[in-house]
Amino acid sequence: MTPPVNGDLGFPSPLQWKFSQVFGERAAGEEVQEVDIISAIEFDKSGEHLATGDRGGRVVLFEKTDGKDFTFRKELEKTDYSIPRHPEFRYKTEFQSHEPEFDYLKSLEIEEKINKVRWCQTSNGALFLLSTNDKTVKYWKVQEKKIKKVAEVNLDTSGAKSNGGLPGKIGAGSDFVFPPGGIPSLHLPVIVGQETNLVPRCRRVFAHAHDYHINSIANNSDGETFISADDLRINLWNLEISNQSFNIVDVKPVNMEDLTEVITSAEFHPTHCHTLAYSSSKGTIRLIDMRQSALCDSHAKIFEENDTPGSRSFFTEIIASISDIKFGRDGRYILSRDYMTLKLWDLNMEASPVATFQVHEHLRPKLCDLYENDSIFDKFECCLSGDGLRVATGSYSNLFRVFGSAPGSNEATTLEASKNPIRRQPQTPTRSLRSLTSLSRSRRRGSENMGIDAGGNDFSTKLLHLAWHPTSNVLACAAANSLYMYYAEENPQSEHQK
């Protein structure tokens, strides 16, 4: 369906975002437990299911409702057409995916925190998904099973006593003796009820293949393989083989003192099973073709933006580090998020992005403070709409921002994750890369001395994780332990605005 356009300008009309649902909302003043903070979020390809992972190692599944429970029959009878409804979700089930572990050989504590969740292809009504912590990837199957219950033995003990039987408990371990002539009330037990329960089962465990923390997992379009990426290596796995993987990218230097960049994110192409992309802490995106060689150290394309002369500073390389990349649904574009901006790249144009969206430009004067409290190392995710016309990402103070990606579009919306989202105007800006161990340490350190600065930015609350529904204008945003759902409608006033 062709999206509506704003007059003759040729780009979609701005969307009017509204609150839809919230799961796990905390009351005012309620303290949030560390284990309840959401650390991963993902829609499946159909948009029927949503999965979240938290720092306590749990995976929670939600399913889309059909809306029948929310519409009265009388209201439907008054209309000659069905009322379009935005997707609404309900809690489905949850399970403990990872437990805290300890590597005694390396004296290393392995957290249970879920870093990524990825949906796999469904089969026979069962749901399949991958989840990972810092070291181990697990392949889960969630299926509905009918539970049959056996009714209690219908044996009247009073009848046994009256017929000369032995009193006391009745069972296989008792001394009960049948009286002469039997017991009229005794009959075979009856199986009653067929309750349906969701049963999660771990089918595969992919472990012992990464020396550093896993930051990404991605499914291949072939439905059979996936990749897992850490700071220096990317491994290729088969979903049915857990004891063997293939190292397809290795950027580890012979001498670790020569290390200049690390892998920050990796994604498979949505339709080409031989193509994948990975980003680095230097702000580059490399596209590789697995048909070229077994070890894909040489890239097919590299996407990077040259620095403006005289613009380099101590923070240049730090804020250039890409925290997340996403392919568009058609595979033509790649969206990347660094600390300051969102960038949209065309696979056919490597020299510069086709669009750059300023997210944290108003924080540029505060980079020293952000460096001191480690906020500058926060990893914000990004996402694209199913039609590719809009992009979104999170920010501080539980804000998220939506931009129009169509050429010439000036759509830019900033909303706070709450039940009553108020559109905020973006603030007007006032005009040595750390080592691998430092980068790893910054991920694990707490956010010390973080608070609200003079500009109203609350660095203790940040919206790092969000996902866009594949077919509808619905956003799922994770703010601490709360999952907020928003839907958007075309702004009717936009047609009258220039």
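Which residues is L342 in contact with, leaving aside its neighbours within four places in sequence? Hello everyone, let's begin there. Those contacts are L335, S336, R337, A355, T356, F357, V359, C382, V391, A392, T393 and F403. Please keep in mind that this is a predicted model.

Now let me place that residue for you. L342 sits in strand β22, which covers residues 341–346. Is L342 buried or exposed? L342 is buried, because its relative accessible area is 0%. You can also look from L342 across to I322: the two are 20 residues apart in sequence, and their C-alpha atoms are 9.5 Å apart in space.

Let's step back to the whole chain. The protein chain has five helices and 30 strands. Of its 498 residues, 49% are buried. The chain exposes about 26100 Å², and carbon and sulfur atoms supply 49% of that area.

Next, the nonpolar cores. In soluble globular proteins, nonpolar side chains tend to be buried together. Here, the largest nonpolar core has 17 residues, and those with the most contacts inside it are W17, F400, L466 and L475. Which strands each supply at least two residues of this core? They are β1 (15–23), β26 (399–404), β28 (465–468), β29 (474–479) and β30 (482–490). Apart from this core lies another one, of 15 residues, and I41, A467, L483 and Y487 are among them.

F400 deserves a second look. Beyond the neighbours within four places in sequence, F400 is in contact with T393, G394, T413, T414, L415, L463, L466, L475, C477 and Y486. F400 also belongs to a cluster linked by ring pairs, together with F19, Y484 and Y486.

That brings us to the aromatic rings. How many aromatic pairs does the structure hold? There are 21. One of them joins F206 and W237 edge-to-face, at 5.2 Å centre to centre and with 70° between the planes. This pair links distant parts of the chain, since F206 is in strand β11 (residues 191–206) and W237 is in strand β14 (residues 233–238), 31 residues apart. F206 counts as buried because its relative accessibility is 1%, and W237 is buried too, with a relative accessible area of 2%. Another aromatic pair, Y371 with F377, is tilted: the centres are 6.2 Å apart and the planes are at 50°. F377 is buried, with a relative accessible area of 8%.

While we are at strand β14, R233 is found there as well. Is R233 buried or exposed? With 19% relative accessibility, R233 counts as buried, because the cut-off for buried is under 20%. The side chain of R233 makes a polar contact with the side chain of D250, at 3.2 Å. Not counting residues up to four places away in sequence, R233 touches H210, D211, S228, N247, V249, D250, K252 and I263.

Now, two histidines in loops. H98 is found between β5 (88–96) and β6 (101–103). At 0% relative accessibility, H98 counts as buried. Its side chain makes a polar contact with the side chain of S97, at 2.8 Å. Beyond residues up to four places away in sequence, H98 touches G56, G57, E112, I114, S131, T132, N133, T136 and K138.

The other histidine is H469, in the loop between β28 and β29. H469 is buried, with a relative accessible area of 0%. What does the side chain of H469 reach at 3.2 Å? It reaches the backbone nitrogen of T471. Setting aside residues up to four places away in sequence, H469 touches F43, S46, G47, P87, F89, G386 and V474. H469 and Y487 are 18 residues apart in sequence, with 9.6 Å between their C-alpha atoms. You have met Y487 already, in the core of 15 residues.

Last of all, the cysteines. How many disulfides does the structure hold? The count is zero. Why does C382 have no bond to the closest cysteine sulfur? That sulfur, in C383, is 7.1 Å from the sulfur of C382, so it is too far for a bond. C382 counts as buried, at 0% relative accessibility, whereas C273 counts as partly exposed, at 33%. And C382 takes us back to the start, as one of the residues in contact with L342. Thanks for listening!

Notes:
Residues numbered from 1 in each chain as written. Predicted model: local features only at pLDDT ≥ 70, side-chain atom pairs only at ≥ 80, totals over all residues. Heavy atoms only, no water. Helix = DSSP H or I, 4+ residues; strand = E, 2+ residues; numbered from the N terminus. Buried < 20%, exposed > 50% of the residue type's maximum accessible area, 1.4 Å probe, protein only. Areas by Shrake-Rupley, 256 points an atom, 1.4 Å probe, with all protein chains shown as cover. Phe/Tyr/Trp six-rings, centres within 6.5 Å; stacked < 30°, edge-to-face > 60°. Disulfide = S-S within 2.5 Å. Core = buried A, V, L, I, M, F, W, Y, C linked by side-chain atoms within 4.5 Å. Contact = heavy atoms within 4.5 Å. Polar contact = N/O pair within 3.5 Å; in protein donor to acceptor, adjacent residues only side chain to side chain.
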